[in-house]
Amino acid sequence: MSALTILALTAALTWPVTPAPPDIVRGWQPPPGPYAAGHRGIDLAAPPGTPVLAPTAGTVTFAGPVGGRGVLTLTLPGTGTPPLRTTFSPVTPLVPTGTTVPAGTPLAHVTPGDHCPTSCLHWGLLRADTYLNPLLLTPRTPSRLLPVPPHPRR
């Protein structure tokens with residue numbers, strides 16, 4: 001993903017659950033290979049019923065069950081070829097496939113699941129079949145350098 005794409009997305013991005021920023025229950029752990037174990041997203045603390053918001057403008061390209069749990073996929077326009085897709089589970093979708101939404105639109109509600117020890121929203125990010133860290137899309141506070149304290153004279 002190019003730096004320009006990331007910069008453009010983070011300028012308009014909101015967290016998918018509130019209050020923002022949510023607690024991260026489990027971070028991204030990329031697998032060493034396409035079929036190896038790993039954690040292909042991040043888990044955000046969210047009780048059942050929490051609204052899931054579109055983190056940026058996009059088109060819902062999937063809304064339905066996968067492996068017994070509800071999943072919603074939002075495809076992000078203008079993010080290259082193939083475009084980035086962000087996924088959410090376990091959820092009950094509120095909008096059908098094909099719906100184009102602006103950032104902040106309620107897309108789904110978090111449903112109970114067994115993915116986390118406590119209720120959470122699993123948030124994934126992909127380009128084609130490659131999983132990426134969704135935190136790349138989150139707004140960040142600019143880094144600031146602090147002055148180095150003077151060394152005490154001996």
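Let's start with one pair: Leu-44 has Leu-121 as its bridge partner in β10. Before going on, keep in mind that this is a predicted model, where local features need pLDDT of at least 70, side-chain atom pairs count only at pLDDT 80 or more, and totals for chains, interfaces and linings use all residues. Residues are numbered from 1 along each chain as its sequence is written, and side-chain values use heavy atoms, with hydrogens and water left out.

Leu-44 brings us to strand β2, residues 42-45, which pairs with β10 in the antiparallel sense over four bridges. A quick word on terms: helices (H or I, at least four residues) and strands (E, at least two) are DSSP runs, numbered from the N terminus, and two strands pair if DSSP finds at least two bridges between them. Strand β6, residues 84-89, also pairs with β10, again antiparallel, over six bridges. Look for Thr-87 there, which stands opposite Gly-124 in β10.

Then there's strand β11, residues 130-132, which pairs with β10 over three antiparallel bridges. Here Leu-125 stands opposite Leu-132 in β11. The two strands β10 and β11 make a hairpin with two residues between them, and in the turn Ala-128 has a positive phi of about 60 degrees.

So how enclosed is β10 itself? Eight of the eight residues of this strand (residues 120-127) are buried, so β10 is largely enclosed by the rest of the structure. Buried here means under 20% relative accessible area, while exposed means over 50% and partly exposed lies in between (1.4 Å probe, protein chains only). Try following the side chains along the strand: Cys-120, His-122, Gly-124 and Leu-126 point one way, Leu-121, Trp-123, Leu-125 and Arg-127 point the other way, and all are buried.

Cys-120 is worth a stop. Cys-120 forms a disulfide with Cys-116, and the sulfur atoms sit 2.0 Å apart; a disulfide here is a pair of cysteine sulfur atoms within 2.5 Å. A search of the whole structure turns up one disulfide. The link of Cys-116 and Cys-120 is right-handed, with 75 degrees about the S-S bond. Are its two ends buried or exposed? Cys-116 is buried, with a relative accessible area of 8%, and Cys-120 counts as buried too, at 4% relative accessibility.

Both cysteines show up again around an empty space. The largest cavity is lined by Pro-90, Thr-111, Gly-113, Asp-114, His-115, Cys-116, Thr-118, Ser-119 and Cys-120. On a 1 Å grid over the protein atoms alone, a cavity is a set of points where a 1.4 Å probe fits but cannot get out, a pocket is an open set with protein on both sides within 12 Å along at least five of seven lines, and lining residues have an atom within 4 Å of a point. The count comes to one cavity of 30 Å³ or more, and about 40 Å³ of space lies in the largest cavity. For volumes, grid points are joined across faces, edges and corners, and the space filled by probe spheres set on the points is taken. The lining splits into three nonpolar, five polar and one charged residue; Ala, Val, Leu, Ile, Met, Phe, Trp, Tyr, Cys and Pro count as nonpolar, Asp, Glu, Lys and Arg as charged, and the others, Gly among them, as polar.

Now for the pockets. The largest pocket has a volume of about 270 Å³. Its lining has 14 residues, of which Arg-40, Thr-87, Ser-89, His-122 and Tyr-131 lie nearest the centre. The elements giving two or more residues to that lining are β5 (69-76), β6 and β10. By class, the lining of the largest pocket has three nonpolar, eight polar and three charged residues. The second largest pocket has a volume of about 210 Å³, and its lining includes Trp-28, Arg-40, Leu-126 and Tyr-131. That lining has seven nonpolar, two polar and three charged residues.

Last comes an open sheet of three strands in the order β3-β9-β7, with antiparallel pairing. At the edges stand β3 (51-53) and β7 (91-93), each with a single partner strand, so one side of each has no neighbour in the sheet. Three bridges join β7 to β9, residues 106-110. Val-91 lies in β7, stands opposite Val-110 in β9, and counts as buried at 3% relative accessibility.
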